[in-house]
Amino acid sequence: MCQSCDVWEALRRLDFVRRRALRPRLLALGLTLGEGQPRILNRLLRRGVPMTQRELADACWLDTATLSRTLDRMEAAGLLRRMPDGESRRSYRIVLTEAGREKAAQVRAAFEAADARMLRGFTAAESAALADGLRTADIAAPGAESLGC
């Protein structure tokens, strides 16, 4: 039996279970899930500073066309705004509005609750070891250095 296949299959299953658990909570927040809105809000909140659309697309694993359409909807909803990038006339920096920060905090709380449920059988040492192992796998993954994570 392929041990690495078992690891990746388990990770895919956990991702599916986590998404399924998060879905009702994120929908209740009025977010569109397939377009990465929760990831966008969470990333902007975690980063704490405006990001270019390219940085945000890379950090959220979205193509720029999908991100642009999603940002249009989120801007219309008052969650974020685009500011001209002082370094490039063709680029914008994305910043959360106050309503966006509040929504992002709710998303973050939903993520943390889902993660706590998934790790409830772990000791603190086991959780730390799992996080360390996943960080190592992420760093070693081809192309990981370009994601800005």
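Here a biologist and a modeller talk through a predicted model, one question at a time.

Biologist: Let's start with the sheet. In which order do its 3 strands lie?

Modeller: The sheet is open, and its pairing is antiparallel. The edge strands are β1 (51–52) and β2 (80–85), each pairing on one side only. Reading across the sheet, the order is β1-β3-β2.

Biologist: How many bridges join β1 to β3?

Modeller: Strand β3 covers residues 88–96, and β1 and β3 run antiparallel. One place to look is T52, whose bridge partner in β3 is R93. The number of bridges joining β1 to β3 is 2.

Biologist: Now the other pair, please. Over how many bridges do β2 and β3 pair?

Modeller: These two strands are joined by a hairpin through 2 residues. In this pair, D85 stands opposite S88 in β3. The pairing is antiparallel, and the number of bridges is 6.

Biologist: Which helix lies across β2 and β3?

Modeller: Look for the helix made of residues 64–76. Its direction is at about 120° to β2. That helix is α4.

Biologist: Let's move on to charged side chains. How many salt bridges does the structure hold?

Modeller: It helps to begin with the general idea: side chains of opposite charge can pair when their charged atoms come close. One example here is R82 with E75, at 2.8 Å from N to O. For the structure, the count of salt bridges is 12.

Biologist: In that example, is R82 buried or exposed?

Modeller: Its partner E75 has a relative accessible area of 31%, so E75 is partly exposed. For R82 the relative accessible area is 18%, and buried means under 20%. Therefore R82 is buried.

Biologist: Which residue meets R18 in a salt bridge?

Modeller: The N to O distance in this pair is 2.6 Å. The pair links distant parts of the chain, 97 residues apart: R18 is in helix α1 (residues 3–28), and its partner is in helix α5 (residues 98–118). R18 counts as partly exposed at 22% relative accessibility, and the partner counts as partly exposed at 26%. The residue that meets R18 is D115.

Biologist: What separates D132 and R135 along helix α6?

Modeller: The side chains of D132 and R135 meet in a salt bridge, with 2.7 Å from N to O. D132 counts as partly exposed at 43% relative accessibility, and R135 counts as partly exposed at 47%. Because D132 and R135 are 3 residues apart in helix α6, their separation is about one helical turn.

Biologist: Which residues do salt bridges that share partners join into one network?

Modeller: We have met two of the members already: D85 stands opposite S88, and R93 is the bridge partner of T52. The network is made of E55, D85 and R93.

Biologist: To finish, let's look at the surface. What is the area of the nonpolar patch made by L119, F122, L130 and L134?

Modeller: Take L134 as a sample member: L134 lies in helix α6, which covers residues 124–140. L134 counts as partly exposed because its relative accessibility is 39%. The four named side chains, L119, F122, L130 and L134, make a nonpolar surface patch of about 300 Å².

Methods. Residues are numbered from 1 along each chain as its sequence is written. This is a predicted model: local features need pLDDT of at least 70, side-chain atom pairs count only at pLDDT 80 or more; totals for chains, interfaces and linings use all residues. Side-chain values use heavy atoms; hydrogens and water are left out. Patches are made of residues with over 30% relative accessible area and no salt bridge: like charges are joined within 9 Å, nonpolar side chains (Val, Leu, Ile, Met, Phe, Trp, Tyr) within 5 Å. Accessible areas come from the Shrake-Rupley method with a 1.4 Å probe; for residues, only the protein chains shown count as cover. Helices (H or I, at least four residues) and strands (E, at least two) are DSSP runs, numbered from the N terminus. Buried means under 20% relative accessible area, exposed over 50%, partly exposed in between (1.4 Å probe, protein chains only). Two strands pair if DSSP finds at least two bridges between them. Contact means heavy atoms within 4.5 Å. Axes are lines fitted to C-alpha atoms, for helices over the stretch in contact, and angles run from 0 to 180 degrees between N-to-C directions.
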